Amino acid sequence: MRYSAIAISAASALVLTACGSETSGEFTSEDGETGEYTIDQTTGESSMTVETEDGTVSMRTNRQAPDDLPAGFTLFDEAEVLSNTVIDQGETKGSLTTFRTERTPDEIVAYYRSEAESAGITIQIETNINGGKMIGGENEQTGTTFSVSAFPDDEGVVTGQLTISEQPG
């Protein structure tokens with residue numbers, strides 16, 4: 001749970017920083033954790049390192065297709081990456097990828113269900129909401145969690161979000 005709080009705090013700080021004009025700097029969180037960030041104005045890539053009592057957490061956000069998703073997951077070829085954030089804290093890894101595609105929510109969920117099952121993940125939740133779909137689950141032996149959601153817009157283009165985390169026990 002601590003990992004999630006650190007990741008959310010760091011991601012929030014990175015997003016807020018990216019909205020400003022600073023391209024690099026240092027900060028201290030309310031919890032006394034320190035970090036530094038860099039934003040490349042040309043590519044839009046942002047990186048951050050946070051020192052915590054549990055160790056160092058690093059994050060990188062860009063619009064490039066991820067080539068090293070945790071647990072052997074892959075992004076399908078037709079996806080246009082809107083945002084890709086990779087989080088690394090020693091053995092704990094995470095990825096949050098937002099994408100757009102012409103594929104349907106059913107196709108996206110089927111693709112990632114197959115990948116999740118290949119990673120030994122048991123699907124624990126599945127929902128259908130307003131034409132969109134979401135599934136998620138966990139491999140309790142490896143500590144890998146996963147979720148994907150896919151929702152169409154008025155033109156039928158689907159925005160999806162894939163979240164994967166590996167937290168070895």
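Here is a conversation about reading the fold, core and salt bridges of a predicted model.

Biologist: Before the details, how many helices and strands does the chain have?

Modeller: Keep in mind that this is a predicted model. The chain comes to 2 helices and 10 strands. Going along the sequence, the pattern reads α-β-β-β-β-β-β-α-β-β-β-β.

Biologist: And in which order do the strands sit in the sheet?

Modeller: Sheet order has to be read from the pairing of strands. Here you get an open sheet of 10 strands, with antiparallel pairing and the order β1-β2-β3-β4-β5-β6-β10-β9-β8-β7. So β1 (24–28) and β7 (122–129) are at the edges, each with a single partner strand, and one side of each has no neighbour in the sheet. On average, neighbouring strands are turned by 10 degrees against each other, ignoring direction.

Biologist: Let's start at the β1 edge. How many bridges join β1 to β2?

Modeller: There are 5 bridges between β1 and β2 (residues 34–39), and the two run antiparallel. One pairing to look up is Glu26, whose bridge partner in β2 is Glu36.

Biologist: What about the place where β6 meets β10?

Modeller: β6 and β10 pair over 9 bridges in the antiparallel sense. Look there for Gly94, which has Ser165 in β10 as its bridge partner. On to the next pair: β9 and β10 also run antiparallel, joined by 9 bridges, with Phe146 opposite Ile164 in β10. The hairpin of β9 and β10 has 5 residues between the strands, and Gly156 takes a positive phi near 90 degrees in that hairpin.

Biologist: Where does helix α2 go relative to all this?

Modeller: α2 packs on the sheet and touches β6 (92–101), β7, β8 (132–139), β9 and β10. The direction of α2 makes about 170 degrees with that of β9.

Biologist: Now the interior. What should I expect of nonpolar side chains, as a general idea?

Modeller: In soluble globular proteins, they tend to be buried together. In this model, the largest nonpolar core has 20 residues. Those with the most contacts inside that core are Phe73, Phe99, Ile108, Tyr112, Phe146, Val148 and Leu162.

Biologist: Which elements give two or more residues to this core?

Modeller: They are α2 (105–118), β9 (144–152) and β10 (158–166). α2 gives the most, with 4 residues.

Biologist: Can we pick one core residue and look around it? What is Leu162 in contact with, leaving aside neighbours within four places in sequence?

Modeller: Leu162 is in contact with Leu69, Ser95, Leu96, Thr97, Phe99, Tyr112, Phe146, Ser147 and Val148. Phe99, Tyr112, Phe146 and Val148 should ring a bell, being listed with Leu162 among the core residues with the most contacts.

Biologist: I'd also like to check a residue in β5. Is Val86 buried or exposed?

Modeller: The cut-off for buried is under 20% relative accessible area. Val86 has 17%, so Val86 counts as buried. Val86 lies in strand β5 (residues 80–89). Apart from neighbours within four places in sequence, Val86 is in contact with Ser58, Met59, Arg60 and Gly94. You can try a distance too: Val86 and Pro70 are 16 residues apart in sequence, and 9.4 Å apart from C-alpha to C-alpha.

Biologist: Next, charged pairs. How many salt bridges are there?

Modeller: The count comes to 5 salt bridges. One of them joins the side chains of Arg103 and Glu78, at 2.7 Å from N to O. That pair links distant parts of the chain, with Arg103 in the loop between β6 and α2, and Glu78 in the loop between β4 (55–62) and β5, 25 residues apart. Both partners count as partly exposed: Arg103 at 22% relative accessibility and Glu78 at 47%.

Biologist: Which salt bridge involves helix α2?

Modeller: Look at Asp106 and Lys133, whose side chains meet at 3.1 Å, N to O. Asp106 lies in helix α2 and Lys133 in strand β8, so the pair ties together parts that are 27 residues apart in sequence. Another salt bridge has Lys93 with Asp88, the closest N and O atoms being 2.9 Å apart. Lys93 is partly exposed at 29%, and Asp88 is partly exposed at 29%.

Biologist: To finish, what share of the whole chain counts as buried?

Modeller: Of 169 residues, 38% count as buried. The accessible surface comes to about 9,400 Å², with 47% belonging to carbon and sulfur atoms.

Note on methods. Residues numbered from 1 in each chain as written. Predicted model: local features only at pLDDT ≥ 70, side-chain atom pairs only at ≥ 80, totals over all residues. Heavy atoms only, no water. Core = buried A, V, L, I, M, F, W, Y, C linked by side-chain atoms within 4.5 Å. Buried < 20%, exposed > 50% of the residue type's maximum accessible area, 1.4 Å probe, protein only. Contact = heavy atoms within 4.5 Å. Pairing = 2+ DSSP bridges. Axes fitted to C-alpha atoms, helices over the stretch in contact; angles between N-to-C directions. Salt bridge = Lys/Arg side-chain N within 4 Å of Asp/Glu carboxyl O. Areas by Shrake-Rupley, 256 points an atom, 1.4 Å probe, with all protein chains shown as cover.
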